[in-house]
Structures are given as structure tokens and as C-alpha cells.
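Please look through the sequence and the model shown here before reading on. The paragraphs below are meant to be read with both in view.

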Amino acid sequence: MLERLKPENWPVSYEAGLDTLVVLGIALVTAFILHWIVMAILGRVVRVSSGRVDDVVLRMVYRPLRWAMVALAISVLAENDALIGPGWDILASFLNPAVLGWFFFAAVKGVAMGYEEQVALSGDEVALRSHRTRIAILSRTARVAIIIITVALILFNIPGVRDVGTTMLASAGLAALAVGAAAQPALKSLIAGLQMALTQPLRIGDLVKIDGQAGRVEEIRMSFVTVRTWDERVLVVPTSRFLDNTFENWSRVSESLTGPVMLHLDPLTKVEPIREEFERFVKAHPLWDKRNLALVMTEAYPESIELRLSMSAETIGDLFTLRCDVREHMVAWLRQNMEGALIRHRLEVEAANQRATGG
């Protein structure tokens, strides 16, 4: 055992190994210097442009580009060094697809983040929600595809996996049927997610109502959509549900909305004083956006009438607060000023006594 550790018994001479290490160190230093120069040049070009996308992309690809240059430098060295060449060829078959996949993954992520930041600077909330939805779905699809292709390229460098792949290609018809049947739910989710990105029936941040539950869309994925309700519950809804079934989108075009407050009153109630008080209160309220304001009698029953008090606000949250304030104020005002308008069960004692005595 000790004899093998002596330099004269090594498979490679000491001088050759030392020369290889020196050349390898020079190659690594050259790669780092070249990476610094390239990034400095690209940084100057990026600073001249006014967009945000190239800034974010350059920041995201900084590390994968550095290791790609290191791999390139070692590959050039391996072509001229018999000591490094055989081992590097095997390692490079796995490392190169991984570094390349890392680079494209970071580039796609950088493009998505850059576009999102650029749209956010415009201040248009509706446009921001629209772009965020499209960017999130398309970038996630691209990144999943990059991961699958990268893993496939790495695995096909393993002889056993490559033989299995060749066998599957030889029987492509049967394999296509089997894969198609097994992947049908995944393909349906993928198509639904892409359709969601292109048509955008809902977007991230929209207020929607589905199955009687209302909430904000927090996340849109290929297979499901998460909706956060007012009480902080999270509804997980399959993406296909929004394409196959009817749902309500309360902020599709803008956050401005009109909402009602319903009052059920006695049929003898005088409507005009209630209309005047309602309009006076809403016009003085800071959340009213001065678009819609009306009080109409929508139903008349033998024992009650129905009044619809409609008002508008700039956002859905403001409208909810305004409706609550109007409801509370009008009930209190009726209690103080028109108590007879409030519905209650009455017993006409005097009339009943007269009928009983035959009067």
C-alpha cells in the first residue's frame, strides 16, 4: 500500500499533474475575467436602455453565465490535455445540459420579473393584473418545459436510459397511446392554463364569485386557481371550472361597481322622505364616486314594500363599506323619524272585539 503512494508509482508523472493543475487554474481565471468583461459591457448597454426587462434579465443570468464560461474554458482545455480530456468528456455530457437549462430558466424568470416591474411603474391597476396573469402562466409553462427538457437531456446520457428511450421510439404508436391516455388530465390542465392566459376570463387580483363564495384571485396555476375570501379562507378551484362553468367577475374591466341596499317596509310608508334622506346621506359620504344614486320601489306586496337603494363607489372595498354605512344609517333614521315604516306583526284588538260582539 505504501509503495503505491510513492511518486514514481503514480499513473501520471508529478510534473505532468502539476502542469495540468497550473493550466487548469489559468483557464479558470481566464473564464472569470472574461465573464467580468462581458458582464461589464452588457451592463453598460443595459444602462443606456430605458426598459426594466433587460436589467432584471442581466441580473438573473449573472451566475449561470459565469459557470457556463467556466465549463467552456475547461472544454477548450480538455481538447488539448490528455489528462483532463477523458474525464471531462463524461462529466460535460451531464454538466453542459444542466448549465444550459439553468441559463434559460434564469432568463425566462428574468423576463417575467422585468415585464412585471415595468408594468407596475405605469400605475394602471387593471393593466397590471392582466399582464401579471399572462406573464405568470406563460413563464411558468416555459420554465416547466425547460426543466423537463434539461432532465431528459441529462438522463439520455445514461446508457440504460438511452436504450429504454430507443426501445420506446421503436414502438412509438403504442407508447403514444399509453402516454396520451395517462397524460390526459395533465394535458387538459395545460391547455386550460394556456387558454386562461390568452383569453383572461379572470386575472390575478380580480374579485370573483364562484359557488356562492366571493374572494380575490391570489394565484393562477395550470391545474388550479386559489381564491382568498374575506374571512381569509383559501378556495382551491380547478382551472377548468372557470372555463366550463359560469362565474362572476366583479372587477373584469375596473374596480368601479354599483351595489344595492334593500329595505322592506310597511305598505303605508311614505317613500319620498326616505329618498331625500338617503340622497342627502350618500352625497355627503366621502366614498361615493358621484356616478350612480337612486332609490326605487322594486316590489309591492300586501304586507310590505321593497325599496332598492343603489349607490356606486370607485373600488369594491369602498362600495362594501358604503353599503354598510347606508344600511346602518337608514335603519337608525327610520327608527327615529318614521317608526311606523318598520314592519312588525300587529293585532287589531279593537276591530277583533267589534267582530266578536257583532258590532
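The text that follows goes through the sheets, then the cores, then one buried serine, and ends with the salt bridges.

The model is predicted, so local features are reported only where pLDDT is at least 70 and side-chain atom pairs only at pLDDT 80 or more, while totals for chains, interfaces and linings use all residues. Residues are numbered from 1 along each chain as its sequence is written, and side-chain values use heavy atoms, with hydrogens and water left out.

Strands of a sheet pair through backbone hydrogen bonds, either parallel or antiparallel. In this description, helices (H or I, at least four residues) and strands (E, at least two) are DSSP runs numbered from the N terminus, and two strands pair if DSSP finds at least two bridges between them. One open sheet is formed by five strands in the order β4-β3-β2-β1-β5, with antiparallel pairing. Its edge strands are β4 (234-238) and β5 (248-249), each of which pairs on one side only. Within this sheet, strand β2 (residues 213-220) and strand β3 (residues 224-229) run antiparallel and are joined by five bridges; Ile220 has Val225 in β3 as its bridge partner.

A further open sheet has three strands in the order β6-β8-β7, and here too the pairing is antiparallel. The edges are taken by β6 and β7 (293-300), each with a single partner strand, so one side of each is left without a neighbour in the sheet. From one strand to the next, the twist averages 25°. Seven bridges pair β7 with β8 in the antiparallel sense, and the bridge partner of Glu299 in β8 is Glu306.

Helices lie across this three-stranded sheet, and their directions are given by axes, which are lines fitted to C-alpha atoms (for helices over the stretch in contact), with angles that run from 0 to 180 degrees between N-to-C directions. Helix α10 lies across β6, β7 and β8 and runs at about 145° to β7, whereas α11 lies across β6 and β8 and runs at about 20° to β6.

What do these elements contribute to the largest nonpolar core? A nonpolar core is a set of buried Ala, Val, Leu, Ile, Met, Phe, Trp, Tyr and Cys residues joined through side-chain atoms within 4.5 Å, where buried means under 20% relative accessible area, exposed means over 50%, and partly exposed lies in between (1.4 Å probe, protein chains only). The largest such core has 23 residues, of which Ile274, Leu307, Leu309, Met311 and Val326 touch the most other members. Two or more residues each come from β6 (257-265), α10 (271-283), β8 and α11 (316-337), and α11 gives the most, with six residues. Contact means heavy atoms within 4.5 Å, and Val326, not counting residues up to four places away in sequence, touches Val261, Phe278, Phe281, Val282, Leu309 and Met311. Apart from this core lies another, of 16 residues, among them Val208, Ile210, Val225 and Val237.

Ser312 has its place in strand β8 (residues 305-313), and Ser312 counts as buried because its relative accessible area is 0%. Polar contacts are pairs of N or O atoms within 3.5 Å; within protein, one atom must be able to donate a hydrogen and the other to accept it, and residues adjacent in sequence count only if both atoms are side-chain atoms. The side chains of Ser312 and Asp289 are joined by a polar contact of 2.5 Å, and a polar atom of the Ser312 side chain lies 2.9 Å from the backbone nitrogen of Asn292.

Side chains of opposite charge can pair when their charged atoms come close. A salt bridge is a side-chain nitrogen of Lys or Arg within 4 Å of a carboxyl oxygen of Asp or Glu, and by this rule the count comes to seven. One of them joins the side chains of Arg203 and Asp206 at 3.2 Å, N to O; Arg203 is buried, with a relative accessible area of 3%, and Asp206 is buried at 0%. Another is formed by Arg228 and Glu218, whose closest N and O atoms are 2.9 Å apart. Because Arg228 lies in strand β3 and Glu218 in strand β2, this pair ties together parts that are 10 residues apart in sequence. Arg228 is partly exposed at 31% relative accessibility, as is Glu218 at 39%.
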